[in-house]
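Trainee: Please walk me through the model. I would like to learn how to read its features.

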Amino acid sequence: MFTRMLKLRLLNAIAPAYFFVATAVTFILQFCLFIPTIFPNPDVSLRGSTAFHTVFFLFMMFNALGNYIMTIKYPAESANETAVPMCSPHCSDKVDAHYLLNGRHFCKLCKKVILKRDHHCFFTGNCIGNKNMRYFIMFCIYTSCTCLYSLVLGVAFLTEEYSMSFENPLTFLTLLTLSTGYFFMGTISGLQLFLVLMLYVWLGIGLVCAGFCCQQVLLVARGQTWCQMQRGEFVQSHSPWRANLRDVFGTRWILGLILPVQTVETCAEDTDAHKQD
């Protein structure tokens, strides 16, 4: 257990650094390679397209980073409990968190009592719970959109700059292997191999975030958390799915879709602590 906990703490430190490095690399590639190459010296007819792609990318990046910050700024811990509690006899998550009673967990990584804990996010370095679930879901949505959009522009750049063809849908199955072989043979440059690797990074992160986001929205609509699902508990929510979504996304949910702003009141932050899990 000590070795696994050490690995989790190490992952908790590395994952945020990986996120910021990937974000910086994506930003640099977009504005130093992709947009200048795809839209070189734009005339009047192309200025609109260049401006659209630039504004659209900055909008998605702004929302991804903004919701990332909001997820950290509004943590899900309880302000009324500071002591380390004892583990419940019904605890089934003995590695990274202790399950308490009344819908609370004590996270060993955060070292805080978490209200209605869903899971621990290593990329943000804190737990996802009742107060930051909305920001986490929007973070996943915009991260997925940013990665998939970067994938499209990356493919366009490789097609324009290196005359690579992606008409065959099976190209991605062999692209990495062939590119690696060509690199060691001296046929392609290191930059081209790096761009091919980034295509797989964007594709993987984009699909994973999209799938994870769909799962979280489904759990929120059912009034259930990932911890409860892991313990095999089926929660019969007494509220309709619209009310469950409103509890997470707030009444100003439309504003929250386009801007990383607070849409849920947090004054009664410990209300969920009195609800049975």
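Mentor: We take aromatic pairs, then one helix, then backbone angles. This is a predicted model, in which local features need pLDDT of at least 70, side-chain atom pairs count only at pLDDT 80 or more, and totals for chains, interfaces and linings use all residues. Residues are numbered from 1 along each chain as its sequence is written, and side-chain values use heavy atoms, with hydrogens and water left out.

Trainee: How many aromatic pairs does a search of the whole structure find?

Mentor: A pair of aromatic rings is described by the distance of the centres and the angle of the planes. Rings of Phe, Tyr and Trp (its six-membered ring) pair if their centres lie within 6.5 Å; planes under 30 degrees apart are stacked, over 60 edge-to-face, and the rest tilted. The search finds 20 pairs. One of them joins Phe19 and Phe20, edge-to-face, at 5.4 Å centre to centre and 70° between the planes.

Trainee: Are Phe19 and Phe20 buried or exposed?

Mentor: Buried means under 20% relative accessible area, exposed over 50%, and partly exposed in between (1.4 Å probe, protein chains only). Phe19, at 10%, is buried. Phe20, at 45%, is partly exposed. Phe19 and Phe20 also belong to one aromatic cluster with Tyr68 and Phe139.

Trainee: What kind of pair do Phe27 and Phe31 form?

Mentor: A tilted one, with 4.8 Å centre to centre and 45° between the planes.

Trainee: Why are Phe27 and Phe31 separated by about one helical turn?

Mentor: An α-helix has 3.6 residues a turn, so residues three or four places apart point the same way. Helices (H or I, at least four residues) and strands (E, at least two) are DSSP runs, numbered from the N terminus. Phe27 and Phe31 are four residues apart in helix H1 (residues 2–38), so about one turn lies between them. Phe27 is partly exposed at 39%. Phe31 is partly exposed too, at 27%.

Trainee: What span should H3 have?

Mentor: The expected span is 1.5 Å times one less than the number of residues. For the 30 residues of H3 that gives 44 Å; the end C-alpha atoms are 42 Å apart, which agrees. H3 is largely enclosed by the rest of the structure, because 21 of its 30 residues are buried.

Trainee: Which residue takes a positive phi just after H3?

Mentor: Ser163, at about 55°, although it is not a glycine. Ser163 sits in the loop between helix H3 (133–162) and helix H4 (171–184). Its relative accessible area is 64%, so Ser163 is exposed.

Trainee: Where is Lys116 placed?

Mentor: In the loop between strand E3 (112–115) and strand E4 (119–121). Lys116 has a positive phi of about 50° and is not a glycine. At 36% relative accessibility, Lys116 is partly exposed.
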